[in-house]
Amino acid sequence: MIDKISAELVELYQNSGSEFWDEALALIKVYMPHFYHSIFQIDAKGMCRVLASDISDDVEIMFWERALNKEPISDIKTCFGIPVRRVGIRGHIVIPLFVKEEVCGAWVIESKTQDEIQVEMSHLKVASLLALFIKNEILEKKCIQNLYLDAKTELPCKSYFLKIINRLQEQKHNVFLSVFRLVDYREGIRLYGSGHMEDVFMGLLAEIKKLEVGNLYILAEDTVALLLNESEQESFAATKQAMNYRSKNVSVVGAFLNLNKEENVIALLEEVFSVTPA
């Protein structure tokens, strides 16, 4: 039974999409009926959140989220129980999910008929797979973030900007951009230090965000683009106030661009600003 459910879980993970956790739970239920199953992940803030559960009541699921968040679950690597139970439940067990000593989640099994649930090798094998799946998803998300998000600002970076622009141009949309660049950024680092110039850049981003239009993209350490959709083109004028931004002896140069469906956005930006590759 262990080999069969393990093989099916791996195959499911390889072939499933966003519904994987619900499908995995349904598969576990087939092999381990007569129990309630809930799978939780520890998020970046160290809090447990449910990935899948066959408990139908959201309030009852929150019971477990609250209970697990009261426990030092990230430090527990052995199966355990808690003093309280859900109404109608006689017994339960919490199986920590961990990879190389790092706990990344928990699998809760409950019974209406048994006071104690014996943890068998099949449970531990499945738990190991669930932990690997959770860890792999975390790593995949980090890879995507590293590829598409600027590390300092957590805003989309140049590679994602190009992906969006290409998609818009393929769909024959007009592309409206307001582009901002700090003047003499490198010279500013030499005169004032990198920390100073980073503060100025963050201040510029704050000014642009106040406009509450479009989407921001970091094109370089000194350059940011504001992408407006066709219904927001009248907002071009509003972006001018951000172009007047000046802080700590550093000013901003900006440009309004309306790309046609054939123009190469990078070539145009390099012509206008000589944008440094991000």
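**Strand pairing, nonpolar cores and local geometry**

In this predicted model, strand 5 (residues 175–182) and strand 9 (residues 250–259) pair in the antiparallel sense over eight bridges. Within this pairing, Ser 178 of strand 5 faces Phe 256, which stands opposite in strand 9. Both strands belong to an open sheet of five strands, whose order is 6-7-5-9-8 and whose pairing is antiparallel. The edges of the sheet are taken by strand 6 (215–220) and strand 8 (246–247); each has a single partner strand, so one side of each is left without a neighbour in the sheet. Helix 5 (residues 158–170) lies across strand 5, strand 6, strand 7 (223–228) and strand 9, and its direction makes an angle of about 125° with strand 6.

A further antiparallel pairing involves strand 1 (residues 36–42) and strand 2, which are joined by five bridges. Here Gln 41 is placed opposite Arg 49 of strand 2. The hairpin formed by strand 1 and strand 2 has five residues between the strands, and Gly 46 in this hairpin adopts a positive phi near 80°.

The largest nonpolar core comprises 32 residues, and those with the most contacts inside it are Trp 21, Ile 39, Leu 97, Trp 107 and Leu 130. At least two residues of this core are supplied by each of helix 1 (2–15), helix 2 (20–31), strand 2 (48–53), strand 3 (91–99), strand 4 (102–111) and helix 4. Helix 4 provides the largest share, eight residues. In soluble globular proteins, nonpolar side chains tend to be buried together. The surroundings of Ile 39 can be listed in detail. When neighbours within four places in sequence are left aside, Ile 39 is in contact with Trp 21, Leu 25 and Ile 28, with Arg 49, Val 50, Leu 51 and Ala 52, and with Leu 97, Ala 106, Trp 107 and Leu 130. Another core lies apart from the largest one; this core has 23 residues, including Ile 208, Val 213, Ile 218 and Leu 228.

Aromatic ring pairs were also examined, and the count comes to eight. In one of these, the rings of Phe 20 and Trp 21 have centres 4.9 Å apart and planes at 70°; the pair is edge-to-face because the angle is over 60 degrees. Both partners are buried: the relative accessibility of Phe 20 is 2%, and the relative accessible area of Trp 21 is 6%. Ring pairs further link Phe 20 and Trp 21 with Tyr 13 and Phe 133 into a cluster.

Helix 4 (residues 121–148) also contains Lys 135, whose side chain forms a polar contact of 2.8 Å with the side chain of Glu 102. Apart from neighbours within four places in sequence, the residues in contact with Lys 135 are Val 99 and Glu 102. The loop between strand 3 and strand 4 holds Glu 101, which is exposed with a relative accessible area of 56%. Along the chain, Glu 101 and Ile 76 are 25 residues apart, and their C-alpha atoms are separated by 9.5 Å.

Positive phi values outside glycine were found at two further loop positions, considered here in turn. Asp 184 has a phi of about 50° and is located in the loop between strand 5 and helix 6 (185–192). The relative accessibility of Asp 184 is 55%, and the residue therefore counts as exposed. Glu 212, with a phi near 55°, occupies a place in the loop between helix 7 (194–209) and strand 6. At 71% relative accessibility, Glu 212 likewise counts as exposed.

Helix 7 also includes Met 202, which counts as partly exposed at 39% relative accessibility. Met 202 and Thr 153 are 49 residues apart in sequence, while the C-alpha to C-alpha distance between them is 8.0 Å.

Technical notes:
Residues numbered from 1 in each chain as written. Heavy atoms only, no water. Pairing = 2+ DSSP bridges. Helix = DSSP H or I, 4+ residues; strand = E, 2+ residues; numbered from the N terminus. Contact = heavy atoms within 4.5 Å. Axes fitted to C-alpha atoms, helices over the stretch in contact; angles between N-to-C directions. Polar contact = N/O pair within 3.5 Å; in protein donor to acceptor, adjacent residues only side chain to side chain. Core = buried A, V, L, I, M, F, W, Y, C linked by side-chain atoms within 4.5 Å. Buried < 20%, exposed > 50% of the residue type's maximum accessible area, 1.4 Å probe, protein only. Phe/Tyr/Trp six-rings, centres within 6.5 Å; stacked < 30°, edge-to-face > 60°.
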